[in-house]
Every structure is written in structure tokens, then in C-alpha cells.
Amino acid sequence: MAKLHRIVSIVLRLAAAGAAAAAAIIMVTSHETTSFFGIEMDAKYSYTPSLVFFVVAFAVASAYSLLVILVRPGSTVARLVLLTDVMVGMLLTGAVAAAGAIADVGRNGNEHAGWLPICGQVRAYCGHVAGALISGLVSLVVYFLLIMYSLHAIAEPMCSCH
């Protein structure tokens, strides 16, 4: 049974790392230049701190997921993995929320603040950001499943309900 738990954990970690890396890569490649009333406008993820936070958070999560695979089950470090998984999950939740809020303003603008939507002028850029957000949400769901599975694997031996 322990071997099955280890295999499922590795598969979930690889899926989480892949989705997190994809989210970061898609966001980093979001760039478009357009002309608006004769003025050249450049849209890049690096111009928005929330999107930079998204890239850094998902790059860290991807690297962390791959590193944790090397941790031996039952070791002292393995006891901290679940706690760190929860912290990474919270980091990714904040990153998706921050990037999603900025993406919403870019797509719809904000009438009350006088901010105009920009996605009509830079469609490819907004498409990349949307793709990164979708990949980020997939990664977040996989992390949630990983945390739930880890909790189950830890609690199963303690439960007398079987």
C-alpha cells in the first residue's frame, strides 16, 4: 500500500509541476505591440507586478514539486512536506487571484475608475494571459488534490474505521 501511495503522490506532483511550469512559461511569452491612434503600445507581463508575482509563484511551485519527489518517505524532511504543500497552495491561490483581477480589468476595464479595457487592442496578449490563468487554475486544482491525498495517506493508518 505504501508503494501505491508513493506512485500516486509522484504522479500528482509531476502533474502539478507540469501545469505550474506551463502557466509560468505561457505568461512569460505574453507580449504584443500594437498601434493605437498612431501611438505604439507595448503589452508585456513584466509591466504588471501581479503578473510578475504569478510567474515567480508558479516557477517556484514547479521547482518545489520536482524537488520534493526526491525526498525519502518517512524521513524527517518528509514530515514537513505536507505543511509546505499547503503553503505553496496558498501562494498559488494568491497568484491566481491577483493575476485574475488584473486580467479582468484588462478585459472589461473599470468604469468607476475610468480605466478602459485593453483586450480589444492586444488580443494575442490577453489570450496568452487567459491561457496562463487556465493552466494556473489546473495546477491549483492538482495541488488541492495532492494535499487531500497526502492528508488521506497520513490519516489512513491512524483510522480504525476499516
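How do H1 and H2 run relative to each other, roughly parallel or roughly antiparallel? Keep that in mind for the close-ups below, which are taken from a predicted model.

**View 1. Helix H1 packs against helix H2.** Here H1, residues 2-28, sits with its axis 8 Å from that of H2, and the angle between the two is about 150°. Angles over 145 degrees count as roughly antiparallel, and H1 and H2 are therefore roughly antiparallel to each other. Their crossing is left-handed. On the H1 side, look for Arg13, Leu14, Met27 and Val28, along with a run of alanines including Ala16, Ala17, Ala20 and Ala21. On the H2 side, the residues they meet include Leu51, Phe54, Val55, Phe58, Ser62, Tyr64 and Ser65. Sorted by class, this H1–H2 contact has 18 nonpolar residues, two polar ones and one charged one.

**View 2. Helix H2 meets helix H3.** Now follow H2 (residues 49-68) over to H3 (residues 78-108): the two axes come within 9 Å and cross at roughly 155°. That makes this pair roughly antiparallel as well, and H2 passes H3 in a left-handed crossing. From H2, the contact takes in Ser50, Phe53, Phe54, Ala57, Phe58 and Val68, among others. H3 answers with residues including Val81, Thr84, Asp85, Leu91, Leu92, Gly94 and Ile102. The tally for H2 with H3 is 17 nonpolar, three polar and one charged.

**View 3. The stretches that UniProt labels "transmembrane region".** The unreviewed UniProt entry puts this annotation on residues 47-71, 80-102 and 122-146. Zoom in on residues 80-102 and you'll find 100% helix and 0% strand, with the end C-alpha atoms 33 Å apart. Residues 122-146 come out at 96% helix and 0% strand, and their end C-alpha atoms lie 36 Å apart.

**View 4. The stretch that carries a UniProt domain label.** According to the unreviewed UniProt entry, "domain: Casparian strip membrane protein" covers residues 4-141. This span is 69% helix and 9% strand, and its two end C-alpha atoms lie 21 Å apart.

**View 5. Stepping back to the protein chain.** What's the parts list? The protein chain has four helices and two strands, and along the sequence they read α-β-β-α-α-α. The C-alpha trace spans about 70 × 30 × 20 Å along its principal axes. As for the radius of gyration, the chain has 19 Å, whereas a compact globule of 162 residues would have one near 15 Å.

How values were computed. Residues are numbered from 1 along each chain as its sequence is written. This is a predicted model: local features need pLDDT of at least 70, side-chain atom pairs count only at pLDDT 80 or more; totals for chains, interfaces and linings use all residues. Side-chain values use heavy atoms; hydrogens and water are left out. Axes are lines fitted to C-alpha atoms, for helices over the stretch in contact, and angles run from 0 to 180 degrees between N-to-C directions. Angles under 35 degrees count as roughly parallel, over 145 as roughly antiparallel, 65 to 115 as roughly perpendicular and the rest as oblique. A crossing is left-handed if the near helix is turned anticlockwise from the far one by less than a right angle, and right-handed if clockwise. Contact means heavy atoms within 4.5 Å. Ala, Val, Leu, Ile, Met, Phe, Trp, Tyr, Cys and Pro count as nonpolar, Asp, Glu, Lys and Arg as charged, and the others, Gly among them, as polar. UniProt positions are given in the numbering used here, feature names are shortened, and annotations may be inferred rather than shown by experiment. The radius of gyration is taken over C-alpha atoms; the globule rule is 2.2 Å times the number of residues to the power 0.38.
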